[in-house]
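This report covers the fold, the interior and a few backbone details of one protein chain. The sequence and model come first.

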Amino acid sequence: MRDIRNIVILTGAGISAESGLRTFRAEDGLWEDHPVEEVATPEGFARDPDLVQRFYDERRAGILAARPNAAHEALGRLDASWEGELLIVTQNIDDLHERGGADRVLHMHGEALSVWCTACDARHRWTGTLRDGPPCPSCGQVAMRPDIVWFGEMPYQMDRIFHALSGADLFLSIGTSGAVYPAAGFVQHARESGVRTLELNLETSLGSRLFDETRLGRASELVPLWVDEVLG
């Protein structure tokens, strides 16, 4: 690891599952017992905004009740100690990385504890309900929705992510299925840029064959061991 300077880390639902947050989509295609088309698309929001707002109110409550696990805390320790470039790109909408001590975090799919006003484009941290149609703190309009990237929408800061990947020495993927694009394509981009690649996952993913190395096990066990290896 002595020649590793710049690191990009991708995290998925597997790292938060050990904190009690369910993975995004089960094998039956449901997310928290809802078809994703109902609660994770602009069309679903247009059809039934009350259902969608209620759904994300419940996600916020669950996230606020959850606690970072050893994997989040290990990445927070890495962030505090690493002198090179570091970018933690997460597909998760929770704030467990930040509460685990990490600052260099990019939420490519948005954040459950943030709302977006479609009238004035402002974003605000939000821990309460949206079901009663509160006005935007910036413009006063009733036009706020969850600050979540839904299916059919472009993930956030993709240019920044690919720029970081191109300049990385190591790309690490933690707790991801390798099934959701564009994140599933990051390992291929890293390989084409000559970047070393490592996967830490509970089981082999759809993209495991593309990584230089795959280590299988619980994130709360593998990630602290890897951070000790890097910092040691």
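The largest cavity has a volume of about 110 Å³. This is a predicted model, and the values here are computed from it. One cavity of 30 Å³ or more is counted. The lining of the largest cavity has 15 residues, and those closest to its centre are Ser173, Thr176, Gly178, Ala183 and Ala184. By class, this lining holds eight nonpolar and seven polar residues, with no charged ones.

**A cis peptide bond**

Where is the cis peptide bond? It joins Tyr181 and Pro182, with omega at about 10 degrees. Pro182 sits in the loop between β9 and α8 (186-192). Most peptide bonds are trans.

**The open pocket**

The second largest pocket holds about 220 Å³ of space. Its lining consists of Asn6, Ile7, Val8, Glu85, Leu86, Leu87, Arg104, Arg160, His163, Ala164, Gly167 and Ala168. Three elements, β1, β4 and α7 (158-166), each give two or more residues to this lining. The largest share is from α7, with three residues. By class, the lining has six nonpolar, three polar and three charged residues.

Val8 is one of these lining residues. It belongs to strand β1. Is Val8 buried or exposed? Its relative accessibility is 3%, so Val8 counts as buried. Beyond its neighbours within four places in sequence, Val8 contacts Leu87, Val89, Ala164, Leu165, Ala168, Leu170, Phe171 and Leu172. Leu87, Ala164 and Ala168 also appear in the pocket lining. Val8 and Asp169 are 161 residues apart along the chain, yet their C-alpha atoms are separated by 8.3 Å.

**The nonpolar cores**

The largest nonpolar core has 24 residues. Which of them touch the most other members? They are Ile9, Leu75, Leu78, Ile174, Val223 and Trp226. Two or more core residues come from each of β1 (7-11), α5 (70-81), β4 (86-90), β9 (170-174), β10 (196-201) and α9 (219-231). The largest share, six residues, is from α9.

Trp226 deserves a closer look. Leaving out residues up to four places away in sequence, Trp226 touches Ile7, Ile9, Leu75, Leu78, Leu170, Leu172, Leu198, Leu200 and Arg215. A second core is separate and has 19 residues, including Leu165, Ala183, Phe186 and Val195. Two of these names have come up before. Leu165 is in contact with Val8, and Ala183 is among the residues closest to the centre of the largest cavity.

**The chain as a whole**

The protein chain has nine helices and eleven strands. Its C-alpha trace spans about 55 × 35 × 30 Å along the principal axes. The radius of gyration is 18 Å. A compact globule of 232 residues would have a value near 17 Å, so the chain agrees with that expectation. Buried residues make up 50% of the 232. Consider the contacts with a separation of 6 or more: residues 24 or more positions apart account for 64% of them.

**Loop residues**

Most residues other than glycine have a negative phi. Two residues with positive phi are listed here.

| Residue | Phi | Loop | Relative accessibility |
|---|---|---|---|
| Asp121 | near 70 degrees | between β6 (110-117) and β7 (123-125) | 49%, partly exposed |
| Gln157 | near 55 degrees | between β8 (144-148) and α7 | 44%, partly exposed |

The loop of Gln157 leads to α7, the helix with the largest share of the lining of the second largest pocket. Asp121 has 49% relative accessibility, and the cut-off for exposed is over 50%, so Asp121 counts as partly exposed.

Asp48 is another loop residue, placed between α3 (42-47) and α4 (49-65). At 35% relative accessibility, Asp48 is partly exposed. Asp48 and Glu38 lie ten residues apart in sequence. In space, their C-alpha atoms are 8.0 Å apart.

Conventions
Residues are numbered from 1 along each chain as its sequence is written. This is a predicted model: local features need pLDDT of at least 70, side-chain atom pairs count only at pLDDT 80 or more; totals for chains, interfaces and linings use all residues. Side-chain values use heavy atoms; hydrogens and water are left out. A nonpolar core is a set of buried Ala, Val, Leu, Ile, Met, Phe, Trp, Tyr and Cys residues joined through side-chain atoms within 4.5 Å. Buried means under 20% relative accessible area, exposed over 50%, partly exposed in between (1.4 Å probe, protein chains only). Helices (H or I, at least four residues) and strands (E, at least two) are DSSP runs, numbered from the N terminus. Contact means heavy atoms within 4.5 Å. On a 1 Å grid over the protein atoms alone, a cavity is a set of points where a 1.4 Å probe fits but cannot get out, and a pocket is an open set with protein on both sides within 12 Å along at least five of seven lines; lining residues have an atom within 4 Å of a point. Grid points are joined across faces, edges and corners, and a volume is the space filled by probe spheres set on the points. Ala, Val, Leu, Ile, Met, Phe, Trp, Tyr, Cys and Pro count as nonpolar, Asp, Glu, Lys and Arg as charged, and the others, Gly among them, as polar. The radius of gyration is taken over C-alpha atoms; the globule rule is 2.2 Å times the number of residues to the power 0.38.
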